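Trainee: I'd like a close look at one part of this protein rather than a quick tour. Could you pick a helix and walk me through it?

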Amino acid sequence: MEAGAGAEAEPLLPPQSWRTRRGLWRAGGGARSAAEDGTGTDNDLYINQAVVFIEDAIQYRSINHRVDSKSLWLYRWYYSRTCQWILSLTITIILALAFIEKPSSLTVTSDVRYRLPAWNPPCGLTESIELLCFLVFVVDVSVKSYLIGWEEFWKNKWLMAYILTLIVSLTDWIVSLSFLCAEDVRIRRILRPFFLLQNSSMMKKTLKSINSTLPEMASPFVTEELRHHVGKGLCCVASQSVVLLLAVHLSLFTMFAMLLFARTKLFAKFSFFCVFLSSNTGIPGHSLDGQQDKEWVGYFRNLPDSLTSLLVLLTTANNPDVMIPAYSKNRAYSIFFILFTVLGNLFLMNLLTAIIYNQFRGYLLKSVQSSLFRRRLGIRAAFEVLSSLKETPANAQQSYVSVGALLQVLQKVEMDCRCKQAIMRSLKMCSCDQLSATQFQKLFEELDKDAIKQHPPSPEYQSHFMQKMQFAFGHPYFGYLGNVVALANIISICVVLVMDADKQPSERDDFFLGAINCFFILYYLLEMLLKILALGLKRYLSYPSNRFDGLLTVILLVLEISTFAVYGFPHPGWRPEFMGLLSLWDMVRLVNMLIVFRFLRIIPNMKFMALVVTTLLDLVKNLRAFAGILVVVFYAFAITGIMLFKGAVVPLGNISAINTTYDNGTLQCGTYEQLEYWPNNFDDFAAAVVTLWDVMVVNNWQVFLEAFSRYSSPWAKIYFVVWWLISSVIWVNLFVALLLENFIHKWDRRCHRESLSDIEYQRTVELMFRDVLEEPTEEELMEKLHQHPHLQLCR
């Protein structure tokens, strides 16, 4: 919930006699009687307020919302799992409409040469789904606006943008129906990613960090002292150093290239002679030009072509193609291209990566710091509310909360069972009946920890023989033996594949491969059963590596039994034969792929590899907000690309429809047509997403620049260059920054690991920077609580 609240609220304060002693008084004195009766209803209200504040702290939400009884019920209902699941489902549905609405992606291929006409939904089908989604969003924005209060609503930019987006979308929806869904441009499709963005507070923080990084990432040489002394205005000028240096580098080398590879008079005369000779002798003129001025013709004919060629060279996508024509004439020309690549790609682009890492890390750290402050503020607000439940002595200088009241709150709070049990254990171990603010806050530091799961105990066998079996098959060396066997299986598969690589399917004899697969799968099954015997089923399943290993073993066993049922047991002359859904060769290939995949079981046994893998898994699991922003950008650019380039790419059979000529019907090497990039287009949403991905990878992205500028307009290059800047330069570098931060964090913890208790703790992902964060002070928390629109504190 965004910051803000209204003025009207049921007071979250104790009766007047208590407030006089405790320094609390309520805003809005017209509702005085409800808080001064001292009845059980008031106590229930305080308990519910504390529950909501603690839940706000758990989810890093703002506490600036209405806190009367009805609003608290509505607030908890809005943030319930069911309600949030409905909202998330609605966002997913409205985003997924792009795949089925016109132009539909429901075709087998996106290749313009082979694609059949796609099924397009009738007018009104997707529009009806859209309308239902819009109604859910209207309810969502209405509830949010009410809960934060109408006065603060007008100060909230996100909610204002939310309403504006809904108004524009509904207007465009009405226009679509009036045109019977025949219009080509639908503005509301571009606005859809906003619904995903506004629903995630972490995505907003990440976007804010990126937005703050972009103006600053060009200013590594601007120190804080300089900012302080010369002011923000001059620093903005000084902050353009690196980006300006990149622009100067590109511009200067573009001019050098145009001068260095300029069209010569000799080339003009030579071209005229070739045309004359061709017209009089019948000899093709183009066969006589050799290597003369190919550099100018292919890459530096004019300023846009020169700038584009060097911009692509900055990504090394056209290296060494762009250099070869000149280099074939004189080896000295290579100095120009090597110098450009070294300065631009190796120095300036990598410096830009370092700057983005440094600046984004700083802003993300500030964002995480604000999240920590929200958590501490929510816990402190809950303490202040609970301290109003019971009157303390008049001369008390400090507020207290009874342990019983906190236990009552914990029964209602929705939080992780482990955290709740840990807090309740701490309360039972506490000898005091009342908790101070410091003790109260310390109890909830358990929220910042994520305990590693404790494995269930192994079974205790009475038999001496079973104990020896348990020791042998539960020992790590038994797992190492399994890794050696898996490696032997991989080697045997590689040997067979190499031997059968050049054989036709009818010549293959799968007896050997089928026999060794049968042997190894039986060993895997035996290994799994022995481990279950030694560890017990619960302990065996508590290890992710065992679950992975066991699942693949069961799948392999099922496939092997299916193979035997269809084709019989392996025997000499066992050859592929199509029976049923899969041929024997397909079955064997599937089994072998799963065996290769199963070899990943060795990762937990290799510490450094495990560190890398856990880093990647943490990124996948914890950087959903960062990935969400990528989805937003991909979605918006894909829809924009459909509007600009839908139907632009035409197959060669219809080449007369476009202004493109080919000499004698041949295609130039390295072009869109010669490389058969026909599936990469913007004729539907799915194809547009894949095309944008290919451009983001920047391998051969100059092919897309040239093709779409030829098929549509030379201005199409701007679209692709902007996408490259946003996706490859900014987003990929930010991903590298977060990857480095995550890996360095794990590496430091690994190298400086301290012995803790029997339960080892890891910091949550949102608090990845926990070790460098600063705890908010008492004064900062109380100052913020004094600014709460519904809670006025006088002490």
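Mentor: Let's take helix α5 and then set it beside a few other parts of the chain. Keep in mind that this is a predicted model.

Start with the length of α5. The helix runs over residues 81-96, which makes 16 residues, and at 1.5 Å a residue they should span 22 Å. The C-alpha atoms at the two ends are 22 Å apart, so the expected and modelled spans agree.

Now, which residues of α5 are buried? They are C83, Q84, L87, T90, I91, I94 and L95. Look down the axis of α5 and these buried residues fall within an arc of 130°, so they line one face of the helix. The spacing is worth a thought: an α-helix has 3.6 residues a turn, so residues three or four places apart point the same way. Over on the other side of α5, you'll find R81, T82 and W85 exposed.

And what does the buried set of α5 pack against? Four helices: α4 (69-78), α6 (125-148), α10 (193-198) and α29 (624-645). That last one takes us to a far-off stretch of sequence. G628 is 422 residues away from T206 in sequence, yet their C-alpha atoms are 9.8 Å apart in space. T206 sits in helix α11 (residues 201-216), and with 4% relative accessibility it counts as buried, the cut-off being under 20%. Pairings across long stretches fit the wider count: among contacts between residues at least 6 apart in sequence, 75% join residues at least 24 apart.

For a second helix, try α20 (residues 417-429). Its 13 residues reach 18 Å from first C-alpha to last, close to the 18 Å expected. Here the buried residues are C419, K420, A422, I423, M424 and L427, and their cover includes α19 (403-412), β3 (434-435) and α21 (437-443). So a strand is part of the cover of α20.

For something out on the surface, go to L244 in helix α13 (residues 241-260). L244 has a relative accessible area of 52%, and exposed means over 50%, so L244 counts as exposed. Together with V248, L252, M255 and F256, L244 forms a nonpolar surface patch with about 450 Å² of accessible area.

Finally, the overall setting. The protein chain comes to 33 helices and 8 strands, and 44% of its 795 residues count as buried. The chain exposes about 41900 Å², with carbon and sulfur atoms supplying 64% of that.

Terms used:
Residues numbered from 1 in each chain as written. Predicted model: local features only at pLDDT ≥ 70, side-chain atom pairs only at ≥ 80, totals over all residues. Heavy atoms only, no water. Expected span 1.5 Å × (residues − 1). Buried < 20%, exposed > 50% of the residue type's maximum accessible area, 1.4 Å probe, protein only. Arc of directions from axis to C-beta. Contact = heavy atoms within 4.5 Å. Patch = residues over 30% accessible without salt bridge, like charges linked within 9 Å, V, L, I, M, F, W, Y side chains within 5 Å. Areas by Shrake-Rupley, 256 points an atom, 1.4 Å probe, with all protein chains shown as cover. Salt bridge = Lys/Arg side-chain N within 4 Å of Asp/Glu carboxyl O.
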